[in-house]
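Dear colleague,

I am passing on the structure we spoke about, together with some notes on it. Please have it open while you read.

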Amino acid sequence: MYIIYFLEIVMLAIRLPQEIENRLKKLADVTGRSKTFYAREAILEHLDDLEDIYLAEHELEEVRAGRSVPVSLEEVMKQYDVEN
C-alpha cells in the first residue's frame, strides 16, 4: 500500500529593508544556500511563537474587557486530574 501526499506550495513576495536583504544575501553567499531557504527557515522557526503571542494578547484583551474569565493553573490541573 502506498500513501501519496500532495503538498501545495505557494509563493510569497515580501519587502525587506535593504540592510536585511544585504544580510540575507551575504548569509546565502557564504553558505551556498538560497535566500529563499533562509527566509523560509526564519518563518517556520518563528511562526508558532508569533501565533502564541497574538493569541495571548487577544485573550488578555478579552479578559480586560470582561468577555473572558481567567482560570488558575491549579483549577486547570484539578479539572484534568494532573498532579504536581
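The notes below go through the structure by topic.

Please keep in mind throughout that this is a predicted model, and that the values quoted are computed from it.

I begin with helix H1, which covers residues 18–31. Its 14 residues should span 20 Å at 1.5 Å a residue, and the end C-alpha atoms are indeed 20 Å apart, so the expected and modelled spans agree. Directly after H1 comes Gly32, which has a positive phi, near 80 degrees.

The structure holds four salt bridges, and I describe some of them here. In one, the side chains of Glu21 and Lys35 meet with an N to O distance of 2.8 Å. This pair links distant parts of the chain, since Glu21 belongs to helix H1 and Lys35 to helix H2, with their positions 14 residues apart. Both partners count as partly exposed, because the relative accessibility is 22% for Glu21 and 34% for Lys35.

Another salt bridge joins Asp29 to Lys25, with the closest N and O atoms 2.9 Å apart. These two residues are four apart in helix H1, and so they are separated by about one helical turn. In general, an α-helix has 3.6 residues a turn, so residues three or four places apart point the same way. The partners fall into separate classes of exposure: Asp29 is exposed, with a relative accessible area of 53%, whereas Lys25, at 41%, is partly exposed.

A further bridge is formed by the side chains of Glu62 and Arg67, at 3.1 Å from N to O. Here the contrast runs from buried to exposed, because Glu62 has a relative accessible area of 17% and is buried, while Arg67 reaches 58% and counts as exposed.

Turning to the aromatic residues, the count comes to one aromatic pair. The ring centres of Phe37 and Tyr38 lie 5.0 Å apart and their planes stand at 85 degrees, so the pair is edge-to-face; planes over 60 degrees apart are classed in this way. Phe37 is partly exposed, with a relative accessible area of 27%, whereas Tyr38, at 19%, counts as buried, the limit for that class being under 20%. Phe37 has a second contact of interest, as the charged end of Arg33 sits over its ring, 4.2 Å from the centre.

On the surface there is a nonpolar patch of about 730 Å², made by Leu12, Ile14, Leu16, Ile20, Ile43, Leu47, Leu50 and Ile53. Helix H2, which comprises residues 35–64, gives the most to this patch, with four residues. One of the patch residues, Ile43, lies in H2, and it counts as partly exposed because its relative accessibility is 40%.

Two residues outside these groups may also deserve your attention. Ile4 is found in the segment before H1 and counts as exposed, at 62% relative accessibility. Its C-alpha atom is separated by 31 Å from that of Leu50, a residue 46 places away along the chain. Asp81, in the segment after helix H3 (73–79), has a positive phi of about 55 degrees although it is not a glycine. Asp81 also counts as exposed, since its relative accessibility is 70%.

With best regards

How values were computed: Residues numbered from 1 in each chain as written. Heavy atoms only, no water. Patch = residues over 30% accessible without salt bridge, like charges linked within 9 Å, V, L, I, M, F, W, Y side chains within 5 Å. Areas by Shrake-Rupley, 256 points an atom, 1.4 Å probe, with all protein chains shown as cover. Buried < 20%, exposed > 50% of the residue type's maximum accessible area, 1.4 Å probe, protein only. Phe/Tyr/Trp six-rings, centres within 6.5 Å; stacked < 30°, edge-to-face > 60°. Lys NZ or Arg CZ within 6 Å of the ring centre and 35° of its normal. Expected span 1.5 Å × (residues − 1).
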